[in-house]
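Student: Could you take me through one part of this model up close? I'd like to look at the salt bridges and what surrounds them.

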Amino acid sequence: VLPHINWGDLFFDLFYVAAAYNLSYVLYYSPSAEGFLYFIGTFGPILLEWFQRTSFDARFLWGDDPFHRGFELVHLCALSLAVVHIRPVSAMSDPTRPEMFEFTLGIMCLAVLNMYRSLEVVFAVDGEEAAKLGEQKWLVGFFTQLAFYLAASVKSGIAYLGSKGEDEYDDYGHRGLESLTNACSRILNNLDSERNLAEVTAEKDHVPIILCLCGWSISVILVVIRTYLFEKKNGEHKKFNVPMNIEYIIHRFGELVMLLLGESILSILIVESTNSVRYHVTFFAGIVSIVLLQFCHYKYQPHSPNTHAFRRSIRGGSIYYVLIMIYAHALVAVGTSYKMFLSQYAYEDNLKNKRMRHLVTTLLSRYLAGAADEMKFSTVELKQAVANMFCISMVAVWVCLEGMWITHNGTTKYFAYLKTRHGFCLGMLRLLLIVLMGSISSYTIEPERV
């Protein structure tokens, strides 16, 4: 049984701080359906990796010998490779750039390492049939992920390496044996096309990110199907699975949510500020709403292993597993929305006062962070897109919180509580809050009003 505070877990979570930061810029520069596709296509695989590692650590104690320490090092390197190549849509959808290829290589390596970890349990554990049978079920999900990630890596790799080979072939410096006269003639003949080369936009390739999305989502669906159709009920499933340390799970899930809420706080604090009243209204509204989210989250969550969804019911646990994954995506989107709200004021202030120094500083900081890109939206379109994203993500947060409470307590207790006067009033208040959040963008798109 691992202790509450595990420095290895905290160090592992640092990689997800960087991941959340990079993911926020996927939506920041593409607050559209295309941006949402790349957001869930890149966040899903590495978030699933977090859950898979946590599930393994809640059931087994990883070795402390040099081999397993080296394995952990390789695991973190693969995670780093995936995280560092989470970039805006324009970079990841361009088949001539390496971002998508190297991202898929990273998550493919993670799937291979997870398969090895389960295989080690199957073949190295002595006298524990439940452990072997349980890991064989996990292997199905790992193999599914590997198949899709491998296909995405091959698809993006062929496109990128093929375009790189063509560039080298067309380079005048690699033509060798060619006479100076012929080389100069070819350069002059192609001068016009060379000048327009920067204006040519490569055709976008969305197939790799769709394969990544299918890889992690189908794996999650398989877990839910297995839980509902094939696992034994009334505690009999424990004969074929190693029980998880629920106290450890509660602690780790709390750390994950705190990490994602921290990303929202960073999104509000690390932006260019202005002296306008509208900016400060939006700023403090964002701080207050994130603090209230933090209060509500831990109010909704159980503090005892005996009242957690994973122990109460195997089906309830599987629903909770899906809900908290949606919840994690929504929290990052909420933080990104606030970042975009505040950035709009800085942009308007720069235009109004013609302070190019601020604009250059902002662009330079984004470039150094690896997120430099160009938003191709008008002001009104951008405000509408950000307002829609904020409303949808907030609704998802509150619906997931309500759903997680039900998974912990059961539908019988939930409806019994709603029949009481206090429960009915509070339930109606929550419903009105969700409806209000979902419809705000239909009435206004101004950040301080939203």
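Tutor: Here is a walk through the salt bridges, with some background first and a few other spots afterwards.

This is a predicted model, where local features need pLDDT of at least 70, side-chain atom pairs count only at pLDDT 80 or more, and totals for chains, interfaces and linings use all residues. Residues are numbered from 1 along each chain as its sequence is written, and side-chain values use heavy atoms, with hydrogens and water left out.

On confidence, the mean pLDDT (the predictor's confidence in each residue, from 0 to 100) is 81, and 80% of the residues reach 70 or more. Residues 169-201 have pLDDT below 50, and that stretch has 10 contacts in the model beyond near neighbours in sequence; a contact means heavy atoms within 4.5 Å. Residues 363-372 are also below 50, with 15 contacts beyond near neighbours in sequence.

As for the overall build, the protein has 17 helices and zero strands. Both are DSSP runs numbered from the N terminus: helices are H or I with at least four residues, strands are E with at least two. Of the 450 residues, 48% are buried. Buried means under 20% relative accessible area, exposed means over 50%, and partly exposed is in between (1.4 Å probe, protein chains only). Among contacts with a separation of 6 or more, 84% are between residues 24 or more positions apart.

Now for the part you asked about. Side chains of opposite charge can pair when their charged atoms come close. A salt bridge here is a side-chain nitrogen of Lys or Arg within 4 Å of a carboxyl oxygen of Asp or Glu, and a search of the whole structure turns up 12 of them.

Start at aspartate 9, which forms a salt bridge with arginine 53, with 3.8 Å between the closest N and O atoms. That pair links distant parts of the chain: aspartate 9 sits in helix 1 and arginine 53 in helix 2, 44 residues apart. Aspartate 9 counts as buried because its relative accessibility is 3%, and arginine 53 counts as buried because its value is 8%.

Aspartate 9 also meets arginine 252 in a salt bridge, again at 3.8 Å, N to O. Here too distant parts of the chain are linked, with arginine 252 in helix 10 and aspartate 9 in helix 1, 243 residues apart. Arginine 252 is at 1% relative accessibility, so arginine 252 counts as buried.

Arginine 252 has another partner in glutamate 255, and their side chains meet at 2.5 Å, N to O. These two are three residues apart in helix 10, so about one helical turn separates them. Glutamate 255 is buried as well, with a relative accessible area of 17%.

Put together, Asp9, Asp13, Arg53, Asp57, Glu72, Arg252 and Glu255 are linked in a network of salt bridges.

Helix 1 and helix 10 turn up again on the outside. A nonpolar surface patch of about 560 Å² is made by Phe11, Leu14, Val17, Leu266, Leu269 and Ile270. Patches are made of residues with over 30% relative accessible area and no salt bridge; like charges are joined within 9 Å, and nonpolar side chains (Val, Leu, Ile, Met, Phe, Trp, Tyr) within 5 Å. Helix 1 (7-29) and helix 10 (246-269) each supply at least two residues of the patch, and helix 1 gives the most, with three. Leucine 266 belongs to helix 10, and at 38% relative accessibility leucine 266 counts as partly exposed. For the whole protein, the exposed area is about 22900 Å², with carbon and sulfur atoms supplying 66% of it; accessible areas come from the Shrake-Rupley method with a 1.4 Å probe, and for residues only the protein chains shown count as cover.

Helix 2, home of arginine 53, also holds phenylalanine 39 (the helix runs over residues 33-57). Phenylalanine 39 is buried, at 2% relative accessible area. Leaving out residues up to four places away in sequence, phenylalanine 39 touches Leu23, Val26, Leu27, His329, Val332 and Ala333. Its C-alpha atom is 8.3 Å from that of serine 24, which lies 15 residues away along the chain.

Last, the cysteines. The structure holds zero disulfides, a disulfide being a pair of cysteine sulfur atoms within 2.5 Å. For cysteine 212, the closest cysteine sulfur is in cysteine 214, 9.3 Å away, so it is too far for a bond. Cysteine 212 is buried at 0% relative accessible area, whereas cysteine 214 is partly exposed at 26%.
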